[in-house]
Amino acid sequence: MGLAAVPGGCGTDGGSGLPSGLNGVLAVELAAAGDQYQTLFEANVLGVAVAEEGRLVEANDACLEILGYTRDDLTAGRITLQAITPPEWQSVTGHAMEQLRLTGTCPPFEKELVHRDGHRVPILIGGAALARDPLRWASYVVDLSARQRAEQERAALAARERAAR
């Protein structure tokens, strides 16, 4: 939308320095973007989480299910990155956070998380920075457990076939 199409012409709006009416246009666009994010968040087709200061501060039900935590755990601040990241994945996680700080994004990569009951969950994760100081980011989390089981079953079947020859 060009400035000529903005109601009120090219004056400024309430000290914001933006053309008159543009604050309203931005507000509508931001509300629409928020609605789209909320739709993805609530659809639970994949895990979605927001982290800050080393802990999850928002998570949808799909993410909580992947991790084995409850909404009460989330609200109480009990889901920390240290608790859900295995020691051997700490450096990879640190590198991903550095990418978020430097570029604002973290391309998708595979890693493991620790479920609340202690078993490992293979995942695909990627994210985008929402703020950089302090670092706050949104991530999507896809559980790869079914894929991993299928790969293991296929490998076991192939080994049995080789042994039967």
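1. Let's start with one pair of residues: T105 has A128 in β4 as its bridge partner. Helices and strands here are DSSP runs, numbered from the N terminus (H or I over at least four residues for helices, E over at least two for strands). The model is predicted, so local features need pLDDT of at least 70 and side-chain atom pairs count only at pLDDT 80 or more, while totals for chains, interfaces and linings use all residues. Residue numbers run from 1 along each chain as its sequence is written, and side-chain values use heavy atoms, with hydrogens and water left out.

2. Now zoom out a bit. Strand β3 (residues 105-114) and strand β4 (residues 120-132) run antiparallel, joined by 8 bridges. Two strands count as paired if DSSP finds at least two bridges between them. The link between β3 and β4 is a hairpin with 5 residues between the strands, and G118 in that turn has a positive phi of about 105 degrees.

3. On to the next neighbour. β4 is also joined to β5 (residues 135-143), by 9 bridges, and this pair runs antiparallel. Here the hairpin passes through 2 residues. If you want to find the pair on screen, look for I125 opposite V141, and for I123 opposite D143.

4. What order do the strands take in the sheet? It is an open sheet of 5 strands, β2-β1-β5-β4-β3, with antiparallel pairing. At the edges sit β2 (55-59) and β3, each pairing on one side only. Neighbouring strands are turned by 35 degrees against each other on average, direction ignored. For such angles, axes are lines fitted to C-alpha atoms (for helices, over the stretch in contact), and values run from 0 to 180 degrees between N-to-C directions.

5. A helix packs on this sheet: α5 touches β3, β4 and β5, and its direction makes about 155 degrees with that of β3. Contact means heavy atoms within 4.5 Å.

6. Finally, the inside. There is 1 cavity of 30 Å³ or more, with a volume of about 270 Å³. A cavity is a set of points on a 1 Å grid over the protein atoms alone where a 1.4 Å probe fits but cannot get out, and lining residues have an atom within 4 Å of a point. Of its 23 lining residues, L81, K111, I125, W137 and S139 are closest to the centre. Elements giving two or more residues to the lining include α5, β3, β4 and β5. The lining divides into 17 nonpolar, 5 polar and 1 charged.

Key. 1 Å grid on protein atoms, 1.4 Å probe; cavity = no way out; pocket = protein on both sides within 12 Å on 5 of 7 lines; lining within 4 Å. Points joined across faces, edges and corners; volume = space filled by probe spheres on them. Nonpolar A, V, L, I, M, F, W, Y, C, P; charged D, E, K, R; others polar.
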